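Good morning, colleagues. I should like to take you through one chain, beginning with its overall surface and then turning to two local features. Please have the sequence and the structure in view.

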Amino acid sequence: MRAKGRSQGRFISLSGLRKMVGLPGSQFPVIIVDSVGLPVFFLSEWYRRKKALVPGRTPDTYLDMLLPWAGYLLQQGHAWNDTPDRVRAHLVEFLRTNVGCQVSPGQEDGYLLETTGTSPLSKSSLGVLLAALTSLYDVMSSGGYYAYANPMHSEHLALLKREHLQHVKNAGAPDHAGIRGEPHQATSQAYPTAFFRQKRGQVWEPSVVLEPDEVQERIRATLDFMIAHTTFQRDQVVLLLLRQTGARLSEIVQMTVGGYRRAQHTGQAFVRNKGSRGREEKTIYFTPVIEQQLHKYIQGERAAHDPQGRKKLDELDDSDALFLTEQGDPYNRAAFYYHWNKLFGPAQRQFKNQDRVEFSPHDIRHLHVSTNMTKIKRSAQGNGGLEAELKDGFRLLMGWRSQETIDIYTHTLNKRKALLDIVLRDQEHEDEQRSVQVTPSPPHRTSPSSASVEPQKQAPNAPEDDVSWYEEE
């Protein structure tokens with residue numbers, strides 16, 4: 001569910017830096033300037049190079065996270081390209097004072113990080129910050145702007161990992177080959193190589209999956225309302241695709257005509273998966289109804305916003321964005337969230353204040369996964385082998401490279417079942433206690449003619465014990 005109490009936006013805005021669109025013909029798509037309007041070269045150059053390598057949204061997300069770090073360096077008079085030991089020392093101070101982290105030495109090398117109640121970033125956002133810092137020094141080092149080894153990497157931990165891999169059977173084989181001595185995920189967890197690492201705490205759980213049935217139903221009702229009341233057909237199609245496919249928001253809003261056309265099948269499209277470096281390699285599947293809505297959008301609303309007024313799919317180039325703004329620009333997350341927020345408030349007003357539930361577009365993905373895991377559980381009917389096979393197929397459908405993600409969902413659903421079983425058992429016990437405490441009244445004598453009361457009818461095929469915790473639809 002939507003996190004409360006964090007101020008990531010304020011954390012980014014307090015950097016004192018601004019993003020400016022590059023001039024026409026400039027090699028820099030974005031120029032970062034400081035408080036007096038002077039360009040911050042290393043960030044602008046990093047973004048230019050990163051955007052050329054990964055044309056998706058990742059560079060923009062990373063840039064937002066790097067702004068506070070660059071602002072801190074400028075305010076303190078530190079050089080971004082200092083030696084690794086000095087960069088690390090500056091980063092420790094930045095993480096403690098600006099990010100509100102507990103920073104403690106690691107067992108072998110480097111530092112362990114943990115967010116606190118005063119941290120403006122969540123645990124996941126801290127992970128994004130660390131990834132952005134790693135990317136900054138990787139890209140600038142490869143470009144010849146940073147003369148040292150990446151300070152975000154530990155050479156000592158990398159050496160330990162290399163020594164361990166010498167003893168792992170078929171260490172170079174992928175997991176799906178089935179011949180590697182241990183999964184890659186286990187190796188990475190046991191032998192991390194990052195100099196700054198987050199402490200391993202509670203395993204991430206998709207919180208929306210743990211929510212009671214009535215909360216999940218209110219999420220569905222809210223989404224239904226939003227789909228029915230969109231101002232633009234574009235947003236209706238996007239919301240339908242989010243609900244139907246379980247894809248990430250960025251994967252949907254960044255769909256291209258080429259990705260849709262290249263699938264060559266009704267109800268399919270190729271999108272850019274997370275980590276695909278801008279390549280459209282993940283297939284999403286949707287119903288003929290959504291296919292019809294998509295075609296209607298292309299021929300109608302999209303054509304009205306298309307700079308060239310093109311109405312037919314064949315007239316569009318592969319590189320053209322499938323979804324456009326009113327100005328004819330490619331649709332993006334920020335523009336979508338503007339319309340999402342306008343719809344979300346009215347959609348919530350159909351519930352009482354205490355029944356309203358906050359959720360984000362990404363929570364729709366979690367709900368999609370839990371619903372389909374439910375169907376898999378029912379379809380398998382206790383057959384463990386079939387259930388594992390169906391889950392693996394669903395993993396591929398979602399574009400997950402690691403088995404760990406689906407294992408987490410399985411664990412969370414099992415946890416939900418256990419919690420529900422406890423609640424039902426306690427409720428049953430309380431009902432029994434109340435029935436014992438009630439003193440029965442003496443039977444009322446009736447005449448034979450007045451005793452013809454119709455007995456209560458039991459519903460046909462009523463279950464003896466309702467433990468259908470998977471019934472979420």
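The accessible surface of this chain amounts to about 26,600 Å², and 51% of that area belongs to carbon and sulfur atoms. Please bear in mind that this is a predicted model. The chain has 473 residues, of which 42% count as buried. Its secondary structure consists of 18 helices and 7 strands. As for contacts between residues at least 6 apart in sequence, 59% of them join residues at least 24 apart.

I turn now to a single residue, Ser-154. It is located in the loop between α5, residues 123–142, and α6, residues 155–165. Is Ser-154 buried or exposed? Its relative accessibility is 2%, and buried means under 20%, so Ser-154 counts as buried.

What does Ser-154 touch, once its neighbours within four places in sequence are left aside? The residues in contact with it are Asp-109, Thr-193, Ala-194 and Phe-195. With Asp-109, Ser-154 forms a side-chain to side-chain polar contact of 2.7 Å. In addition, a polar atom of the Ser-154 side chain lies 3.1 Å from the backbone nitrogen of Leu-157.

The second feature is helix α9, which covers residues 213–228. With 16 residues at 1.5 Å a residue, α9 should span 22 Å; the C-alpha atoms at its ends are 23 Å apart, so the two values agree. Which residues of α9 are buried? They are Val-215, Gln-216, Arg-218, Ile-219, Arg-220, Thr-222, Leu-223, Met-226 and Ile-227.

Thank you for your attention.

Note on methods:
Residues are numbered from 1 along each chain as its sequence is written. This is a predicted model: local features need pLDDT of at least 70, side-chain atom pairs count only at pLDDT 80 or more; totals for chains, interfaces and linings use all residues. Side-chain values use heavy atoms; hydrogens and water are left out. Helices (H or I, at least four residues) and strands (E, at least two) are DSSP runs, numbered from the N terminus. The expected span of a helix is 1.5 Å times one less than its number of residues. Buried means under 20% relative accessible area, exposed over 50%, partly exposed in between (1.4 Å probe, protein chains only). A polar contact is a pair of N or O atoms within 3.5 Å; within protein, one must be able to donate a hydrogen and the other to accept it, and residues adjacent in sequence count only if both atoms are side-chain atoms. Contact means heavy atoms within 4.5 Å. Accessible areas come from the Shrake-Rupley method with a 1.4 Å probe; for residues, only the protein chains shown count as cover.
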